[in-house]
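I opened this model to check its cysteines, its fold and its backbone. My notes follow in the order I looked things up.

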Amino acid sequence: PYSKVLKCQASTTVREALNLLMDWHVSCLIIVLDDKPTGIITKTDMGWCYLNGISLDSEVGDIMPWTSGIKTIKSTEDRDAAAKFFERNKVHHALVVDEED
């Protein structure tokens with residue numbers, strides 16, 4: 001269920017998001033605004049922030065333009081369809097949704 005997905009607010013700082021990634025041993029977080037998923041931030045994005053001198057005190061919502069857009073895939077998709085989805089969309093992460101989401 002969506003309530004159990006690890007997520008953070010757009011107002012979360014890069015430092016806080018990085019701490020969540022490291023503490024929970026995950027590779028991405030869903031970014032939410034008004035409790036709606038608006039993007040995904042990844043460990044790779046954190047590396048981009050570092051290389052580009054983005055302050056750890058910046059809000060993840062401020063760096064969203066380059067991470068904007070969230071791809072979703074239905075939980076009923078089989079493995080082959082999911083592989084094609086990721087290849088077609090050129091993404092490594094997506095939000096898995098149920099029919100009622």
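**Cysteines.** I count a disulfide as a pair of cysteine sulfur atoms within 2.5 Å. The model is a predicted one. I searched it for such pairs and found 0 disulfides.

Next I asked why Cys28 is unpaired. The closest cysteine sulfur belongs to Cys8, and it is 11 Å from the sulfur of Cys28, too far for a bond. I then looked up the accessibility of Cys28. Its relative accessibility is 22%, so Cys28 counts as partly exposed. The cut-off for buried is under 20%, and exposed needs over 50%.

I repeated this for Cys49. Its closest cysteine sulfur is again in Cys8, here at 12 Å, and that is too far for a bond. Is Cys49 buried or exposed? At 2% relative accessibility, Cys49 counts as buried.

**Fold.** I listed the secondary structure next. I get 3 helices and 5 strands. Along the sequence they run β-α-β-β-α-β-α-β.

**Overall dimensions.** I compared the radius of gyration with the value for a compact globule. For 101 residues that value is near 13 Å; the protein has 14 Å, so the two agree. I also boxed the C-alpha atoms along the principal axes. The box is roughly 40 × 25 × 25 Å.

**Contacts and burial.** I took the contacts with a separation of 6 or more. Of these, 45% join residues 24 or more positions apart. Buried residues come to 28% of the 101 in the protein.

**Surface and charge.** I noted an exposed area of about 6900 Å². Carbon and sulfur atoms supply 53% of that area. I counted 11 positive and 16 negative charges. How far apart are the mean positions of the two sets? They are 6 Å apart.

**Backbone.** I looked for positive phi outside glycine. Asp34 has a phi of about 55 degrees and is not a glycine. Asp34 sits in the loop between strand E2 (28-33) and strand E3 (36-42). Its relative accessibility is 68%, so Asp34 counts as exposed.

Lys90 also came up. It is not a glycine, yet its phi is positive, at about 55 degrees. Where does Lys90 lie? I find Lys90 in the loop between helix H3 (79-89) and strand E5 (95-97). Lys90 has a relative accessible area of 73%, so I log it as exposed.

Technical notes:
Residues numbered from 1 in each chain as written. Predicted model: local features only at pLDDT ≥ 70, side-chain atom pairs only at ≥ 80, totals over all residues. Heavy atoms only, no water. Helix = DSSP H or I, 4+ residues; strand = E, 2+ residues; numbered from the N terminus. Rg over C-alpha atoms; globule rule 2.2 N^0.38 Å. Buried < 20%, exposed > 50% of the residue type's maximum accessible area, 1.4 Å probe, protein only. Contact = heavy atoms within 4.5 Å. Areas by Shrake-Rupley, 256 points an atom, 1.4 Å probe, with all protein chains shown as cover. Lys, Arg positive; Asp, Glu negative; His and termini not counted. Charge placed at Lys NZ, Arg CZ, Asp CG, Glu CD.
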